[in-house]
Amino acid sequence: MKSINAPLMSAMLLVLLAGCASAPTGPNIAVMPGAGKSFEHFKVDDIVCRQYAANQTGGATQSANNKAVESAAIGTVIGAAAGAAIGGGHRGAGTGAGAGLLFGSAAGANASQYGTYGAQRAYDISYAQCMYAKGNSVPMIR
C-alpha cells in the first residue's frame, strides 16, 4: 500500500480539525425583566425569543459551512493543477493538491469563523427585538 506524504496528511488533519460554523446556542446580551414583570413571565419571554432568534438565523450557519467546504475544494483543485504544471506529473499534482487543500481549508476556516460571528450577531439582534417587543429592558447593540 502506498503511503500518504506528510503535507497531504497534514492538510487532511487540518480539514478535520478546522471545524464548521456553529449555530448560536443563546444570546450574548443581558436582558432584564421589564418594569412590573414577574421573573416567571420573563423566563417565558426568554424561551419564546430564543426560539424566534434561532429560527431567524438558521440559514446563516449553513451558508457559512457551505463556503468553508467550497474554499477547501477549490483550493485542492487549483493546487493540483499548479502542482502538475510546476512539478510535472502525478507526484507534483499530489503535492499541489495537498498544499491547495491546506490553504483552501485555512481560507474556509476563516470564512467559517466570520460566518459564526455573523450568525451570533444576527441571533442577538433578533433576540433583542423580540424581548423588547415583549416589554423587557434591552441594552443597545453595537
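A salt bridge is a side-chain nitrogen of Lys or Arg within 4 Å of a carboxyl oxygen of Asp or Glu. In the predicted model described here, the side chains of Lys 37 and Asp 45 meet this condition, with N and O 2.6 Å apart. Lys 37 and Asp 45 are both buried. The structure holds two salt bridges, and the second is taken up below, after the overall fold and the confidence of the prediction.

The protein chain contains three helices and zero strands. Read from the N terminus, the order of its elements is α-α-α. Helix H1 covers residues 6-18 and helix H2 covers residues 39-87, while helix H3 covers residues 90-133. Of the 142 residues in the protein chain, 32% are buried. The accessible surface of the chain amounts to about 8,900 Å², and carbon and sulfur atoms account for 64% of that area. Among contacts with a separation of 6 or more, 80% are between residues 24 or more positions apart.

Confidence varies along the chain. The average pLDDT is 74, and 43% of the residues score at least 70. Helix H1 has the lowest confidence, with a mean of 52, and helix H2 has the highest, with a mean of 76. Where pLDDT is low, the predicted coordinates should not be read in detail.

The second salt bridge joins Arg 50 to Asp 46, and its closest N and O atoms are 2.9 Å apart. Side chains of opposite charge can pair when their charged atoms come close. Arg 50 and Asp 46 are four residues apart in helix H2, so about one helical turn separates them. The two partners differ in their exposure to the surroundings: Arg 50 has a relative accessible area of 33% and is partly exposed, whereas Asp 46 has 16% and is buried. The value for Asp 46 counts as buried because the cut-off for that class is under 20%. Apart from its neighbours within four places in sequence, Asp 46 is in contact with Tyr 127 and Met 131.

The structure also holds one disulfide. This bond joins Cys 49 to Cys 130, with an S to S distance of 2.1 Å. The disulfide links distant parts of the chain, since Cys 49 belongs to helix H2 and Cys 130 to helix H3, 81 residues apart. The torsion about the S-S bond is about -75°, and the disulfide is therefore left-handed. Both Cys 49 and Cys 130 are buried.

A further set of contacts involves Ser 137, which lies in the segment after H3. With a relative accessibility of 42%, Ser 137 counts as partly exposed. Leaving aside neighbours within four places in sequence, Ser 137 is in contact with Val 31, Met 32, Pro 33 and Gly 34. Ser 137 and Ala 30 are 107 residues apart in sequence, and their C-alpha atoms are 9.1 Å apart in space.

Notes: Residues numbered from 1 in each chain as written. Heavy atoms only, no water. pLDDT = per-residue confidence, 0-100. Helix = DSSP H or I, 4+ residues; strand = E, 2+ residues; numbered from the N terminus. Buried < 20%, exposed > 50% of the residue type's maximum accessible area, 1.4 Å probe, protein only. Contact = heavy atoms within 4.5 Å. Areas by Shrake-Rupley, 256 points an atom, 1.4 Å probe, with all protein chains shown as cover. Disulfide = S-S within 2.5 Å.
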